[in-house]
Amino acid sequence: MSPLIRALLIATFFAIAHAQTSTPTPVDPAWTTVTNTSDLAIQQVAQFAVRIYALSTGKLKLGFVGVVSGQTQPFNAGYNYQLVITVSDGPAPRNYRNYNAAVWGILGTMSWKLWSFTLV
């Protein structure tokens, strides 16, 4: 067998082997707009975000007011949540501010993470 044919056969073998063993890169599922910001699950996710942020920063007077808007995305056996949350800064006179919160969690479990909580 000529060296050229041998090289072509080896290259073809490796190309076929690589094509059969490589997996396509998964595409992240699309984000879905939260249509009911009063939904109990969405409210609980937002309350979790406010509480964890307050505890981690020592801003214990922060209080949950409501959810302005949000999006969800299936991810890693749970959901990613991107929420805009209205927060009060304590007793009267209160200042109300909106925060962007990024949360991941599995409903009905203790598996939750607050990824970010930033002032809008």
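Which element gives the most to the lining of the largest pocket? Helix 2 does, with 5 residues. The model is predicted, with local features requiring pLDDT of at least 70 and side-chain atom pairs pLDDT 80 or more, while totals for chains, interfaces and linings use all residues. Residues are numbered from 1 along each chain as its sequence is written, and side-chain values use heavy atoms, without hydrogens and water.

The largest pocket (an open set of points on a 1 Å grid over the protein atoms alone, with protein on both sides within 12 Å along at least five of seven lines) holds about 190 Å³ of space, a volume being the space filled by probe spheres set on the points. Its lining residues (an atom within 4 Å of a point) include Ala-41, Phe-48, Arg-51, Leu-107 and Trp-112.

An open sheet of 5 strands (DSSP E runs of at least two residues) has the order 1-2-3-4-5 with antiparallel pairing. Strand 1 (32-33) and strand 5 (112-119) each have a single partner strand, so one side of each lacks a neighbour in the sheet. Strands 1 and 2 (residues 63-75) pair over 2 bridges, the DSSP criterion being at least two; Thr-32 is placed opposite Thr-72 of strand 2. Helix 2 (helices are DSSP H or I runs of at least four residues) packs on the sheet and touches strand 2, strand 3, strand 4 and strand 5.

Leu-83 is in contact (heavy atoms within 4.5 Å) with residues beyond four places in sequence, including Ile-42, Val-45, Val-67 and Tyr-99.

Key:
Axes are lines fitted to C-alpha atoms, for helices over the stretch in contact, and angles run from 0 to 180 degrees between N-to-C directions. On a 1 Å grid over the protein atoms alone, a cavity is a set of points where a 1.4 Å probe fits but cannot get out, and a pocket is an open set with protein on both sides within 12 Å along at least five of seven lines; lining residues have an atom within 4 Å of a point.
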